[in-house]
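This report walks through one protein. Keep the sequence and the 3D view at hand as you read.

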Amino acid sequence: MICLHPAASTARTLRFAHAWGLRLLAGGAMLGVLGLMAPAVAVEAPSTPNASAAALEQLRAANVARAELAKVESDWRNERDRLQAAIAATRAEVARLERDAAEAEGQRDNARTKLAAIGDTSDLEVLRQRLGETGVTLRAALTALARTLPPGTIAVPAQDVVGETAFDAAVRALYAAERAAGTLAVEVVTGTRGGQTEAVKLLRVAGAVAWWVSLDGTAAGLARMADGTLHLDVATDERTRLAITAALAQAEGRAQPTVLILPAPTTAGGTP
């Protein structure tokens, strides 16, 4: 039988109770801490993904904003360069127009100076009169020359033109004579054969020499000018007639080109 001392029993009981109490208190404190932590974890755990998504969305928005800003800055720089180029081109055009205006003003001033030096219109009338006189002189010279050359060699201006128009007509006739001087032409003209007027085909080499062939092809010969009249000299031998006829056919493109011997003009005229 075991007998315990009341005091000792009480002390053990108190120590036992104290130890278990401490344990119980510690356990309760831990449960309280866990109880307090549990709601916090339960609240914070679902919020972590939302915060990450929000951060990613903010990054995306920032990137989009930066891209838009870069595009706006690039567009602004391009527009600025375009406007600067337009301003430079406008300035260059203004400078060119100013130069042209200055040049036109200079020409106007020179014209006024020359007009003042010329004086009134009487001098211009004198100049027109001189041009008309020169045109008449040229026409007379061309007419005299045409009387010595085959028809078509010299173009003679009309007689009913006066003043500046006469001079212009004479100059055009000179140009036509220059062109005809280097050409080979076939023309239908009127000449005199045996005292009778006859239309023939004339083969003219510039203004140097001309041959003729009758329209029916039965006669041919050399053409010459005398006293302003075209004289048709008949070729007496058949070989010469055939050569002239063949030459005219070649000039008209009706025969193949070949070498032909034609009679040369004589200073005294007559039959070739």
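A salt bridge here is a side-chain nitrogen of Lys or Arg within 4 Å of a carboxyl oxygen of Asp or Glu. The model is a predicted one: local features need pLDDT of at least 70, side-chain atom pairs count only at pLDDT 80 or more, and totals for chains, interfaces and linings use all residues. Residues are numbered from 1 along each chain as its sequence is written, and side-chain values use heavy atoms, with hydrogens and water left out.

## Overall layout

The protein has four helices and five strands. Along the sequence they follow the pattern α-α-α-β-β-β-β-β-α. Both kinds of element are DSSP runs, numbered from the N terminus: helices are H or I with at least four residues, strands are E with at least two.

Of the 272 residues, 19% are buried. Buried means under 20% relative accessible area, exposed means over 50%, and partly exposed lies in between (1.4 Å probe, protein chains only). The protein exposes about 19,200 Å². Carbon and sulfur atoms supply 62% of that area. The areas come from the Shrake-Rupley method with a 1.4 Å probe; for residues, only the protein chains shown count as cover.

A contact means heavy atoms within 4.5 Å. Among contacts with a separation of 6 or more, residues 24 or more positions apart account for 45%.

## Salt bridges

How many salt bridges does a search of the whole structure find? It finds 13. Three of the pairs are set out here.

| Pair | Closest N to O | Relative accessible area |
|---|---|---|
| Asp 100 and Arg 96 | 2.7 Å | Asp 100: 35%; Arg 96: 33% |
| Asp 233 and Arg 224 | 2.6 Å | Asp 233: 10%; Arg 224: 28% |
| Glu 252 and Arg 254 | 2.7 Å | Glu 252: 30%; Arg 254: 55% |

Glu 252 is partly exposed, while Arg 254 is exposed. Elsewhere, salt bridges that share partners join Glu 93, Arg 96 and Asp 100 into one network. Asp 100 and Arg 96 belong to helix H1 (residues 6-118). They sit four residues apart there, so about one helical turn separates them. Asp 100 is partly exposed, and Arg 96 is partly exposed too.

The pair of Asp 233 and Arg 224 has another setting. Asp 233 is buried, whereas Arg 224 is partly exposed. Asp 233 falls within strand S5 (residues 229-234), and Arg 224 within strand S4 (residues 220-226).

## The strands

Two strands pair if DSSP finds at least two bridges between them. Strand S3 (residues 209-214) pairs with S4 in the antiparallel sense, over four bridges. Trp 211 stands opposite Leu 222 in S4. Five residues lie between the strands of this hairpin, and Gly 217 there takes a positive phi near 75°.

S4 also pairs with S5, again antiparallel, over six bridges. Gly 221 stands opposite Val 234 in S5. This hairpin has two residues between its strands, and Asp 227 takes a positive phi near 55°.

Is S4 mostly covered or mostly open? S4 is mostly covered, with five of its seven residues buried.

## Around S1 and S2

Gly 195 lies in the loop between strand S1 (184-193) and S2. Gly 195 is exposed, at 63% relative accessible area. Its C-alpha is 9.7 Å from that of Leu 232, although 37 residues separate the two in sequence.

Glu 198 is in strand S2 (residues 196-205). Its side chain makes a polar contact of 2.8 Å with that of Arg 193. Such a contact is a pair of N or O atoms within 3.5 Å; within protein, one must be able to donate a hydrogen and the other to accept it, and residues adjacent in sequence count only if both atoms are side-chain atoms. Beyond four places away in sequence, Glu 198 touches residues including Val 189, Ser 214 and Leu 232.

## The nonpolar cores

A nonpolar core is a set of buried Ala, Val, Leu, Ile, Met, Phe, Trp, Tyr and Cys residues joined through side-chain atoms within 4.5 Å. The largest has ten residues, among them Val 189, Val 200, Trp 212, Met 225 and Leu 232. S2, S3, S4 and S5 each supply at least two residues of this core. A second, separate core of nine residues includes Leu 203, Val 209, Leu 222 and Ile 244.
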